Each structure stands twice: as structure tokens, then as C-alpha cells.
Amino acid sequence: HAKESGRNAFNFFTSQMNADATQTLMLRSGLARALERQEFVLHYQPQVDLETGRIMGTEALLRWKHPDLGLVPPNRFIGIAENSGLIVPIGEWVIQEACRQAAAWYEAGLPQLTMAVNLSAIQFKRGNLVETVENALFAHRIPAPLLELELTESILIQDTDNVLATVDRLKSIGVKLSIDDFGTGYSSLMYLHRLNVDKLKIDQSFVRDLNDDPDDAAIVQAVIQMAKSLKLRTIAEGVENSQQLDALRRQSCDEVQGYFLGHPMLADDFARHLADWKPLT
Ligand code: C2E
Ligand code: MG
Ligand code: MG
Ligand code: MG
């Protein structure tokens with residue numbers, strides 16, 4: 001019996017591996033033409049300010065509408081795009097599209113809604129990130145502070161001088177900068193000191209067990225306190241219930257983002273969500 005189920009498990013395992021490998025091949029071969037075929041779409045997730053209870057911003061999250069595989073989440077293809085260099089044109093499309101949407105909402109009477117965009121380390125090494133951002137802001141006529149660029153700690157540890165120079169140029173354009181997944185990477189406090197960022201995004205892994213794990217609660221509290229001393233704003237990611245929200249409020253976190261406040265959604269659904277939103281009390 002054991003032998004049989006062992007063999008079944010093995011068969012299952014290998015066929016699962018084959019399926020994954022096949023999918024990766026499909027993704028790799030399709031990625032090059034996905035841009036021209038207009039297969040990418042941005043979903044928008046609300047960010048709620050805890051002082052006002054209102055939706056003050058949104059994060060643009062990339063998805064790929066694959067003709068055979070359906071809607072593919074970014075973690076399945078960003079790595080492939082980075083290895084092939086395709087992340088540069090794809091990332092440029094994301095910046096353009098997010099700014100186009102931000103302009104539409106800005107002109108529709110939402111003058112304060114900020115738009116956050118995720119960046120890859122490769123965009124700092126290759127491509128003209130600064131020019132891309134300048135062109136997008138200019139083309140869509142939105143105030144620079146409405147655009148927020150999310151950097152990961154993995155960006156900040158490589159090629160430090162070049163990254164620091166690029167970050168400085170981005171800051172001088174007037175866009176906002178945040179550090180995504182804060183606490184999961186090689187957080188060097190020196191970066192926070194030298195980098196002139198505006199906001200820390202507390203990683204969802206610390207938020208998940210906030211109410212059950214005293215260590216997570218202590219880490220979140222420490223990050224918020226440090227951010228306040230450095231005059232940085234904080235946003236907690238992955239908020240899924242009211243208990244987490246209450247804890248973050250008690251800890252004086254500035255903003256929250258997560259399924260409890262709204263899933264990532266298409267632009268039209270986001271606009272409806274915004275219109276229906278009752279300020280948190
Ligand atoms: P991220 O920037 O840290 O984005 C947060 C991720 O958490 C998103 O996953 C979002 O859908 C998910 N999330 C939001 N609220 C909750 C919640 O309450 N619970 C849980 N469990 N998850 C939640 P998504 O959209 O699959 O994106 C994954 C990652 O892919 C992003 O993590 C980001 O690092 C990357 N990514 C997304 N869009 C882009 C892009 O345009 N360019 C680049 N370079 N990376 C991107
Ligand atoms: Mg992000
Ligand atoms: Mg994150
Ligand atoms: Mg992430």
C-alpha cells in the first residue's frame with residue numbers, strides 16, 4: 001500500500017513539475033509579444049488613510065491576460081521578464097499606463113489620489129528610468145507628487161552609487177518614493193538615512209499574525225516608531241480583518257492596504273469602490 005501511494009505521489013509530483021515547467025516555457029515564449037498584443041492590464045488596490053478614513057491612494061498591480069493560461073499573477077512572470085530584460089519595456093508600459101489612469105482620475109475630480117507603481121532592480125540598471133518617469137508625467141500632465149515609486153530593498157543593495165544617484169534624480173523630479181516589503185530584505189538603516197524616501201510599506205508577513213504573535217506586534221511597533229522619528233509615513237500591507245486594522249490604528253500606522261479595504265481591481269471597479277466608500281470611523 002505504502003509503495004503504491006508512494007509511486008502515486010511520485011507520479012503526481014513529476015507531472016506537477018512538468019506542468020510547472022511547461023507553463024514557464026509558455027510564459028517565456030509568450031512574453032516577448034505580450035506587449036504588442038496588449039495582453040497586460042493593471043489592477044488597482046485602495047490605500048486608506050487612517051487619519052481621515054478615506055481612500056487617498058492606489059497601487060497599480062500588473063497582470064498578464066494570457067490567451068491560454070488566463071489571468072497570470074506577476075509573481076509567475078516578473079522573474080522571467082527580469083531575466084530576459086523584457087522588464088524594461090514592460091516596466092515602461094506600467095509607468096505610462098498608471099500615469100494615464102492617474103490623469104483620468106485627476107481630471108475626473110480626484111485631485112489627491114496618489115498612484116503607486118512597483119519598480120524592478122533591472123529598471124535601475126538598464127533603461128532610462130528617470131526619462132521614462134519625466135516623459136510619463138509630462139505626457140499625462142499630472143503633478144509629480146501624485147506618482148509614488150515603490151522600491152524594494154533588493155534594489156537598494158545593488159550597485160549602490162548608481163542607485164543612489166538615480167533615486168536622487170527621481171526625488172528631484174518631485175515624485176514620492178516608498179520602500180516596499182519593508183523588513184523582509186537586507187534593511188540597512190543607512191539607506192533610510194541617505195535615501196530620502198517618503199514612506200515605508202510594512203510587509204504583509206508582519207501584519208498577518210499581528211494579533212497572535214507578540215514578536216510581529218513588536219516589529220510593527222518598532223518600524224512605526226522609527227519611521228516617525230525619521231519623519232517617514234507608514235503603510236501596512238495585507239490587512240485582511242478588523243482586528244489587524246484596530247491594532248495598526250492603536251500603533252499609529254498612517255495608512256492601510258489589504259483585502260479588508262479592497263482587493264486589487266479593474267479601473268472601473270476601483271472608481272465604483274471609491275464612490276461607494278464610507279470613511280472608516
Ligand atoms: P507587492 O508590491 O508587495 O504587492 C502586494 C501583493 O499583495 C499584491 O500581489 C497584492 O494583490 C497582494 N495583496 C494585497 N492585499 C492583500 C491581502 O490582504 N492579503 C494577501 N494575502 N495579499 C494581498 P500581486 O498583485 O500578486 O503582486 C505580487 C508582487 O508582484 C508585488 O508585491 C510586486 O512585488 C510585484 N509586482 C506587481 N506589479 C508589478 C509591476 O508592475 N512591476 C514590477 N516590477 N513588479 C510588480
Ligand atoms: Mg508594491
Ligand atoms: Mg509589498
Ligand atoms: Mg512583494
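Here are legends for several close-up views of this predicted model.

Some housekeeping: residues are numbered from 1 along each chain as its sequence is written, and chains are lettered from A and ligands numbered from 1 in the order in which they are written. Because this is a predicted model, local features need pLDDT of at least 70 and side-chain atom pairs count only at pLDDT 80 or more, while totals for chains, interfaces and linings use all residues; side-chain values use heavy atoms, with hydrogens and water left out.

**View 1. The magnesium ion (ligand 2) and its four coordinating residues.**
E59 (OE), N118 (OD1), E150 (OE) and D180 (OD) coordinate the magnesium ion (ligand 2) at 2.0 to 2.2 Å. Donors here are N, O and S atoms within 2.8 Å of the metal (3.2 Å for Na, K and Ca), and water is not among the atoms, so sites may look incomplete. Read along the sequence, the donor residues are spaced E-x58-N-x31-E-x29-D. E59 sits in strand 2 and N118 in strand 4 (residues 114-118), so this pair ties together parts that are 59 residues apart in sequence. Helices (H or I, at least four residues) and strands (E, at least two) are DSSP runs, numbered from the N terminus. E59 is buried, at 3% relative accessible area, whereas N118 is partly exposed, at 29%. For these labels, buried means under 20% relative accessible area, exposed over 50%, and partly exposed in between (1.4 Å probe, protein chains only).

**View 2. The magnesium ion (ligand 3) and the bridging D180.**
D180 (OD), D181 (OD) and E237, listed twice through OE, are the protein donors of the magnesium ion (ligand 3), lying 2.0 to 2.4 Å from it. Along the chain, these donors follow the spacing D-D-x55-E. D180 and E237 bring together distant parts of the chain: D180 is in strand 6 (residues 176-182) and E237 in the loop between strand 8 (233-236) and helix 11 (242-250), 57 residues apart. Both D180 and E237 are buried. D180 also bridges to the magnesium ion (ligand 2), and the two ions lie 4.2 Å apart.

**View 3. Ligand 1 and its surroundings.**
Ligand 1 is surrounded by 23 residues, and the closest are R63, N118, D180, E240 and Y259. A residue counts as near if one of its heavy atoms lies within 4 Å. Several polar contacts can be picked out, a polar contact being a pair of N or O atoms within 3.5 Å (within protein, one must be able to donate a hydrogen and the other to accept it, and residues adjacent in sequence count only if both atoms are side-chain atoms). An oxygen atom of ligand 1 is 2.8 Å from a polar backbone atom of Y259. A side-chain N or O atom of E59 is 3.0 Å from an oxygen atom of ligand 1. On the backbone of L62, an N or O atom lies 3.1 Å from a nitrogen atom of ligand 1. On its own, ligand 1 has 800 Å² of accessible area, and the protein covers 84% of that. Accessible areas come from the Shrake-Rupley method with a 1.4 Å probe; for residues, only the protein chains shown count as cover.

**View 4. Aromatic pairs, with W64 and F77 up front.**
The whole structure holds six aromatic pairs. Rings of Phe, Tyr and Trp (its six-membered ring) pair if their centres lie within 6.5 Å; planes under 30 degrees apart count as stacked, over 60 as edge-to-face and the rest as tilted. W64 and F77 are edge-to-face, 5.6 Å centre to centre with 80° between the planes. W64 lies in strand 2 (residues 55-66) and F77 in helix 2 (residues 74-84), 13 residues apart. W64 counts as buried at 0% relative accessibility, and F77 is buried with a relative accessible area of 0%. Ring pairs also link F40, W64, F77 and W93 into a cluster.

**View 5. The tilted pair of W105 and F270.**
The rings of W105 and F270 sit 4.9 Å apart, centre to centre, with 40° between the planes. The pair links W105 in helix 3 (residues 87-107) to F270 in helix 12 (residues 267-276), 165 residues apart. W105 is buried at 7% relative accessible area, and F270 is buried at 0%.

**View 6. D254 and its contacts.**
D254 lies in the loop between helix 11 and strand 9 (255-256), and counts as buried at 18% relative accessibility. A polar atom of the D254 side chain is 3.0 Å from the backbone nitrogen of T234. Leaving out residues up to four places away in sequence, D254 touches V48, D49, L50, E51, K228, L232, R233 and T234, where contact means heavy atoms within 4.5 Å.
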